[in-house]
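Subject: Structure handover and what was found in it

Dear colleague,

Here is the structure I promised to pass on to you. Please open it next to this message, and read the notes below with the view in front of you.

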Amino acid sequence: MPWSNQGGGWQGGGGGRGPWGQGPRGNGPSGSGGGGPNPPNLEELLRRSQDRFRQFMPGGSVSGRGILLLILVAIAIWFGTGFYRVDTDEQGVVLRFGKVHAVTEPGLRYRLPWPIESVLTPKVTTVNREEIGFRSLGDVAGRGGTQQRDVPEESLMLTGDENIVDIDFTVLWQVKNAGEYLFNVVDPSRTIKQVAESAMREVVGKNNIQFILTDGRTKVANDTRVLIQKVLDDYKAGVVITQVALQRTEPPASVIDAFRDVQAAQADRERAQNEAEAYRNDIIPRARGEAQHIVQQAEAYKQEAIANAQGEASRFSQIYEQYRQAKEVTAKRMYLETMEQILQGTNKIIIDEKSGKGIVPYLPLTELQKAMPQQPPASSSLSPSSPTVKR
């Protein structure tokens with residue numbers, strides 16, 4: 001059912017109305033031949049648009065030079081869209097047709113306009129934080145402080161001595177290479193959290209629970225940081241782990257009372273061991289000193305006895321040599337020396353045999369009895385200190 005301009009009507013049904021819902025117009029300028037408006041004339045619309053465009057052009061006409069000028073202006077504006085700025089805490093990653101072309105430093109930079117090149121500017125100086133084993137909830141109901149929610153499926157870990165420890169820790173990281181960070185890992189934050197949990201489980205599984213809870217906290221954190229960094233470098237994640245901080249390290253809540261009892265018993269055992277060790281360190285040196293003193297005394301007695309025996313043997317040999325040469329003189333000398341030793345501590349009265357026979361010996365019995373020690377009454381033997389009378 002085509003539209004016919006020759007008769008001023010729509011060839012078909014519809015009550016003589018046109019395709020735009022209006023009746024046909026007549027051929028005259030007043031439109032009095034058909035009883036309705038005609039459809040819009042496309043040529044007329046195009047002509048009016050050209051007239052409006054000419055009003056903006058110099059001289060009111062569109063020439064080849066004007067079109068060229070318009071094209072140059074459009075190209076200049078297009079190239080001007082290639083300028084971009086990278087802030088001090090960012091790195092610029094320039095993509096050429098979606099592939100990493102260059103990484104730029106902070107400042108005003110230029111790239112080819114879109115769609116040839118585009119730029120991404122991730123922040124590289126921001127310290128990001130991942131929480132493993134707990135989640136911070138912030139200040140709840142204005143109570144002050146930070147509220148936390150425990151995540152036991154992340155915090156409960158098996159130690160090397162087959163105990164369970166509850167560890168909460170945080171991982172601090174920064175972007176090191178923006179290109180690798182944007183395109184090598186789909187979700188860097190989630191990847192770092194999973195790698196950190198896996199690394200901590202591996203480190204905890206190599207140590208016993210007592211070491212982890214006491215002296216080994218710093219070593220466990222450092223070993224975990226090194227292991228996380230190694231895995232992420234293998235992934236080419238483009239991040240650097242700055243710190244791993246242990247927030248809470250303790251046994252599970254269900255067994256913490258029993259574990260504290262075990263710790264108290266271990267502390268008592270260590271105290272008893274230390275006391276025994278102190279006693280051992282005190283008694284052993286003293287015993288060794290006394291033993292050394294006895295050995296030295298025995299050695300001195302041995303040397304003294306040997307020296308005395310050698311002296312006596314030498315003296316006997318000398319006396320024997322003199323006795324062989326002069327028996328009577330030597331025998332008398334030996335007798336006198338022996339009597340000197342025997343009578344050395346006694347009172348003696350000496351009477352010369354040549355004094356004559358008329359001398360009456362006088363014995364001072366009273367003085368001798370005073371000087372004599374008391375003897376038992378039944379004893380009738382003479383005391384060794386009794387005076388000896390030689391006639």
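A salt bridge here is a side-chain nitrogen of Lys or Arg within 4 Å of a carboxyl oxygen of Asp or Glu, and by that rule the structure, which is a predicted model, holds 17 salt bridges.

Before the details, a word on confidence. The protein averages a pLDDT of 76, and 72% of the residues score at least 70. Over residues 1-36 the pLDDT stays under 50, and the model has 44 contacts beyond four places in sequence for that stretch. Residues 379-391 also have a pLDDT below 50, with 20 contacts in the model beyond near neighbours in sequence. Where pLDDT is low, the predicted coordinates should not be read in detail.

Now the salt bridges. In helix 7, Lys219 pairs with Asp223, and the closest N and O atoms are 2.8 Å apart. Because these two residues are four residues apart in helix 7, Lys219 and Asp223 are separated by about one helical turn. Lys219 is partly exposed at a relative accessible area of 43%, and Asp223 is partly exposed as well, at 29%. The side chains of Arg324 and Glu321 form another salt bridge, at 3.1 Å from N to O; they are three residues apart in helix 8 (residues 256-325), so about one helical turn separates them. An α-helix has 3.6 residues a turn, so residues three or four places apart point the same way. Glu202 and Lys206 also meet through their side chains, at 3.5 Å from N to O, with Glu202 partly exposed at 37% relative accessibility and Lys206 exposed at 63%. Beyond these pairs, Asp150, Asp166, Asp168, Arg248 and Glu250 are linked in a network of salt bridges.

Next, the interior. The largest nonpolar core has 34 residues, and those with the most contacts inside it are Phe169, Val171, Met200 and Ile228. At least two residues of this core come from each of several elements, including strand 4 (92-96), strand 12, helix 4 (178-183) and helix 7, while helix 5 gives the largest share, seven residues. In soluble globular proteins, nonpolar side chains tend to be buried together.

Helix 5 has 17 residues and reaches 24 Å from its first C-alpha to its last, close to the 24 Å expected at 1.5 Å a residue. Among its buried residues are Ile192, Val195, Ala196, Glu197 and Met200. Which residues of helix 5 does Phe169 contact, leaving aside its neighbours within four places in sequence? Ala196, Glu197 and Met200 are among the contacts of Phe169, which also include Met157, Val244 and Leu246.

Two loops deserve a look as well. Glu162 has a positive phi of about 65° although it is not a glycine; Glu162 sits in the loop between strand 11 (156-158) and strand 12 (164-175), and it counts as exposed because its relative accessibility is 69%. Lys236 has a positive phi of about 55° and is not a glycine either, and its place is the loop between helix 7 (217-235) and strand 13 (239-250).

Finally, an unreviewed UniProt entry places a "coiled-coil region" at residues 255-282. In the model, that span is 96% helix and 0% strand, and its end C-alpha atoms lie 40 Å apart.

With best wishes

Note on methods
Residues numbered from 1 in each chain as written. Predicted model: local features only at pLDDT ≥ 70, side-chain atom pairs only at ≥ 80, totals over all residues. Heavy atoms only, no water. Buried < 20%, exposed > 50% of the residue type's maximum accessible area, 1.4 Å probe, protein only. Core = buried A, V, L, I, M, F, W, Y, C linked by side-chain atoms within 4.5 Å. Contact = heavy atoms within 4.5 Å. UniProt positions renumbered as here; feature names shortened; annotations may be inferred. pLDDT = per-residue confidence, 0-100. Expected span 1.5 Å × (residues − 1).
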